[in-house]
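Visitor: I would like to go through this model by asking, for each description, what it rests on.
Guide: Then let us look at it together and set each value against the rule behind it.

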Amino acid sequence: MANPMQSNDAAQGRIRVLVYGGGAVGLGIASCLLHSGGDVDLVARPQTVAALESEGLIRTGLFGRVHAAPDSFRCYSSLSQARGDSYDYVLVCTKSFDSSAAAQDLASHRDAIGRAHLVLFQNGWGNAEAFAVHFDTRHVFNARVITGFRRSRPNEVEVTVHADSIHIGSLFSVHAAPVERLCRAIDAGGIPCDTTDAIEKDLWAKMLYNCALNPLGAILHVPYGVLAEHTVTRDLIDRIVCEVFEAMTAGGYATHWARAEEFLAVFYDRLVPDTAAHESSMLQDITAGKRTEIDAMNGAVIRLGAEHDVETPYNHSVYRLIKFLEDASDASRPKL
């Protein structure tokens, strides 16, 4: 017997998606959509576009190898080059510090994206607010991704770790039904994906995880598992998590655990072991001489704490150290 959900998808035709941002996450999600038969366009940097048009998109790693031929999708270096058709979804896969610019760019090209639902595949907290300035919040959704992607070449991405399904939902009290079709397409393309009506809790769970591990992994240049093995770094992790939890609670937000200690038990028992060999995206950015997403992670906690009289000295410390590494990396690059 035919699956009624699949029949409904068939009746609607191929899912039509614009992936805005051709980094590791953007290419990883695009590979799923292409593998499941989606109609996909990508907007990426010129070097990435050139590689994709020459060799196609390649995904390797945990969920197997996928190769999408160059003629199976379209890619552009600017929205102004896009074909101007209406999409079902626009997946924003830029770094968090580019959220405002991305929102403005997409808003100025409404003729290209039509009435698409926007789904933010981004790290940190505060991205949705940047898009709410320009778009109806009924069309803005967030994705929680705790799958690790690493881009080895401009057109090739590797899935390195996977801790849980991708979750997609709304921070604006909108039911997740509009993104069910997208979730099914990503899931069918190889990476588990589900809708949720608890995306706020999911995003703060990821904030707790990222704020504890991402900067320390970059500062100390070690994978996540090493951080959990030593008393000194475990103590720092515990203190950072407690500050995040206090700021989050004071700000009126919630996650899946009532107390920081409950999260830490799961963190050490399951979350870190599942991703023990992973090197933080912040370390990858520092090594490559790129700007990090510290402002949307620990920086967001610091700002939230300041708004609600919550002190965050440990988050301040790792924030400043990452800013030092960013500045040192920038200073070491040759000036053209």
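Visitor: What makes S4-S3-S10-S9 an open sheet with mixed pairing, and which strands stand at its edges?
Guide: In this predicted model, the four strands follow one another in the order S4-S3-S10-S9, and their pairing is mixed. Strand S4 (66-68) and strand S9 (147-153) are at the edges, because each has a single partner strand, and one side of each is therefore left without a neighbour in the sheet. From one strand to the next the twist averages 20°.

Visitor: How do you know that S3 pairs with S10 and also with S4?
Guide: Pairing requires at least two bridges between two strands. Strand S3 (residues 57-61) and strand S10 (residues 156-162) run parallel and are joined by four bridges, while S3 and S4 run antiparallel and are joined by three bridges, so both pairs satisfy the criterion of at least two. Ile-58 takes part on both sides, with His-67 as its bridge partner in S4 and Glu-156 as its bridge partner in S10. Thr-60, in turn, stands opposite Glu-158 in S10. The hairpin of S3 and S4 has four residues between the strands, and there Gly-64 takes a positive phi near 90°.

Visitor: Why is S3 called largely enclosed by the rest of the structure?
Guide: A residue counts as buried when its relative accessible area is under 20%. Four of the five residues of S3 are buried, and the strand is therefore described as largely enclosed. For the chain, buried residues make up 52% of the 336 residues.

Visitor: Which strands form the sheet of eight, and what makes two of them edge strands?
Guide: The order is S5-S2-S1-S6-S7-S8-S11-S12, an open sheet with mixed pairing. Strand S5 (74-76) and strand S12 (193-195) are its edge strands, as each pairs on one side only. Here the twist from one strand to the next averages 20°. Within this sheet, strand S1 (residues 16-20) and strand S2 (residues 39-43) run parallel and are joined by five bridges, and Arg-16 has Asp-39 as its bridge partner in S2. Helix H7 (residues 180-188) packs on the sheet, where it touches strand S6 (89-92), strand S7 (117-120), strand S11 (166-169) and S12, and its direction makes about 165° with that of S12.

Visitor: How do you know that H8 and H10 are in contact, and what is the handedness of their crossing?
Guide: Contact means heavy atoms within 4.5 Å, and the residues that make the contact include Trp-204, Leu-208 and Leu-216 of H8 together with Ile-237, Val-241 and Phe-245 of H10. The axes of helix H8 (residues 199-220) and helix H10 (residues 231-250) come within 10 Å and cross at roughly 145°, and H8 passes H10 in a right-handed crossing.

Visitor: Why is the chain called as compact as a globular protein of that length?
Guide: The chain has 14 helices and 12 strands. Its radius of gyration is 20 Å, close to the 20 Å that the globule rule gives for 336 residues, and that agreement is why the description applies. The C-alpha atoms fill a box of roughly 55 × 50 × 40 Å along the principal axes.

Visitor: What share of the contacts with a separation of 6 or more joins residues 24 or more positions apart?
Guide: Such residues account for 72% of those contacts in the chain. As for the accessible surface, the chain has about 14700 Å², of which 51% belongs to carbon and sulfur atoms.

Note on methods. Residues are numbered from 1 along each chain as its sequence is written. This is a predicted model: local features need pLDDT of at least 70, side-chain atom pairs count only at pLDDT 80 or more; totals for chains, interfaces and linings use all residues. Side-chain values use heavy atoms; hydrogens and water are left out. Helices (H or I, at least four residues) and strands (E, at least two) are DSSP runs, numbered from the N terminus. Axes are lines fitted to C-alpha atoms, for helices over the stretch in contact, and angles run from 0 to 180 degrees between N-to-C directions. The radius of gyration is taken over C-alpha atoms; the globule rule is 2.2 Å times the number of residues to the power 0.38. Buried means under 20% relative accessible area, exposed over 50%, partly exposed in between (1.4 Å probe, protein chains only). Accessible areas come from the Shrake-Rupley method with a 1.4 Å probe; for residues, only the protein chains shown count as cover. A crossing is left-handed if the near helix is turned anticlockwise from the far one by less than a right angle, and right-handed if clockwise.
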